[in-house]
Amino acid sequence: MTEPSGGSGFPRTIRTRRLALRPFRLSDVDAVLGYESDAAYGEFLGVRQPYRRSDAERSVASRMQCDWTRSAMWAVDLDGEAIGHVGMTLYTGHGRIDLYYGLAPAHWGKGYMTEAVRAAIDGAFAAFPDVNRIQADANPKNPASLRVMAKAGMTPEGLLRQYVVMHGVATDQVMCSILRREWEASRKQ
């Protein structure tokens, strides 16, 4: 198994024009409880309701434990408050990274998630020169997530039938990806 570039893994903090992607911290529990207890947030993410403080505490603690050489779990930080997350998992033997994300409903439609996803893609391709592909999937009934991926340069590839179980129901997902050559071409524009 090849080690990540320089052995350092994913960048711990990524700054954009409006946001910071940073590691989760215990002080994020209240913010996570606030948005993950919102049924709209969990509709396509499989978050069980009711979502309690103990769930938020476990979630934040788990997110703080990621192995940055193989995975990343960033809090999407707006003005010092966590408003969502972006996560990535590296599959070194396959030259692939899986991407996943979620955003507090109060911040939908403002371009924050597109900004965060683009930054995470840039950081991942820069950190791992052997990675050829970053992929993510979304429910076809979630056009907002599909727009985020499209605006981040990802291309829809096809429908994965009954790919995930959400709230006890097997659901379809649309797979999207960006290849390194596409990312490199977009950076030259």
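**Helix packing, salt bridges and unusual backbone in a predicted model**

Let me begin with a pair of side chains, those of Arg 187 and Asp 122, which meet in a salt bridge with an N to O distance of 3.9 Å. This pair links distant parts of the chain, since Arg 187 sits in helix α6, residues 180–188, whereas Asp 122 sits in helix α4, residues 112–127, and the two are 65 residues apart. I should say at once that what you have in front of you is a predicted model, and that the values I quote are computed from it. As for how open the two partners are, Arg 187 counts as exposed, at 52% relative accessibility, while Asp 122 counts as partly exposed, at 30%.

From that salt bridge I would like to move to the two helices that carry it. Helices α4 and α6 pack at an angle of about 115°, and their axes lie 11 Å apart. Angles of 65 to 115 degrees count as roughly perpendicular, and α4 is therefore described as roughly perpendicular to α6. The crossing of these two helices is left-handed. Which residues meet there? On the α4 side they are Ile 121, Asp 122, Phe 125 and Ala 126, and on the α6 side Arg 180, Trp 183 and Arg 187, so that both partners of the opening salt bridge, Asp 122 and Arg 187, appear in this contact. The residues of the contact divide into four nonpolar and three charged, with no polar residue.

Beyond α4, in the loop that runs between this helix and β6, residues 133–138, we find Asp 130. Asp 130 is exposed, with a relative accessible area of 59%, and its C-alpha atom is separated by 20 Å from that of Tyr 100, a residue 30 positions away along the chain.

The second helix pair is α1, residues 29–36, with α3, residues 53–64, whose axes come within 9 Å and cross at roughly 120°. Is this pair to be called perpendicular or oblique? The perpendicular class runs from 65 to 115 degrees, and with a crossing of roughly 120° α1 and α3 are therefore oblique to each other. Their crossing is right-handed. On the α1 side the contact is made by Val 29, Asp 30, Val 32, Leu 33, Tyr 35 and Glu 36, and on the α3 side by Arg 53, Ala 56, Glu 57, Ser 59, Val 60 and Arg 63. Sorted by character, the residues of this contact divide into six nonpolar, one polar and five charged.

Two of the α3 residues just named, Glu 57 and Arg 53, also pair with each other, for their side chains meet in a salt bridge at 3.4 Å, N to O. Both lie in helix α3, four residues apart, which is about one turn of the helix. Glu 57 is partly exposed, with a relative accessible area of 37%, and Arg 53 likewise counts as partly exposed, at 38% relative accessibility.

Taking salt bridges more widely, the structure holds 12 of them. In general, side chains of opposite charge can pair when their charged atoms come close. One further example is Arg 96 with Asp 98, where the closest N and O atoms are 3.0 Å apart. Is each partner here buried or partly exposed? Arg 96 is partly exposed, with a relative accessible area of 21%, whereas Asp 98 is buried, at 18%.

Let me finish with three places in the backbone that deserve a look on the screen. The peptide bond from Gln 49 to Pro 50 is cis, with omega near 0°, and Pro 50 is found in the loop between α2, residues 39–42, and α3. Asp 79, although it is not a glycine, has a positive phi of about 55°. Asp 79 belongs to the loop between β3, residues 71–78, and β4, residues 81–91, and counts as exposed, at 76% relative accessibility. Gln 162, which is also a residue other than glycine, has a positive phi near 45°. Where does Gln 162 lie? Gln 162 is found in strand β7, residues 155–166, and is exposed, with a relative accessible area of 56%.

Definitions and conventions. Residues are numbered from 1 along each chain as its sequence is written. This is a predicted model: local features need pLDDT of at least 70, side-chain atom pairs count only at pLDDT 80 or more; totals for chains, interfaces and linings use all residues. Side-chain values use heavy atoms; hydrogens and water are left out. Axes are lines fitted to C-alpha atoms, for helices over the stretch in contact, and angles run from 0 to 180 degrees between N-to-C directions. Angles under 35 degrees count as roughly parallel, over 145 as roughly antiparallel, 65 to 115 as roughly perpendicular and the rest as oblique. A crossing is left-handed if the near helix is turned anticlockwise from the far one by less than a right angle, and right-handed if clockwise. Contact means heavy atoms within 4.5 Å. Ala, Val, Leu, Ile, Met, Phe, Trp, Tyr, Cys and Pro count as nonpolar, Asp, Glu, Lys and Arg as charged, and the others, Gly among them, as polar. A salt bridge is a side-chain nitrogen of Lys or Arg within 4 Å of a carboxyl oxygen of Asp or Glu. Buried means under 20% relative accessible area, exposed over 50%, partly exposed in between (1.4 Å probe, protein chains only).
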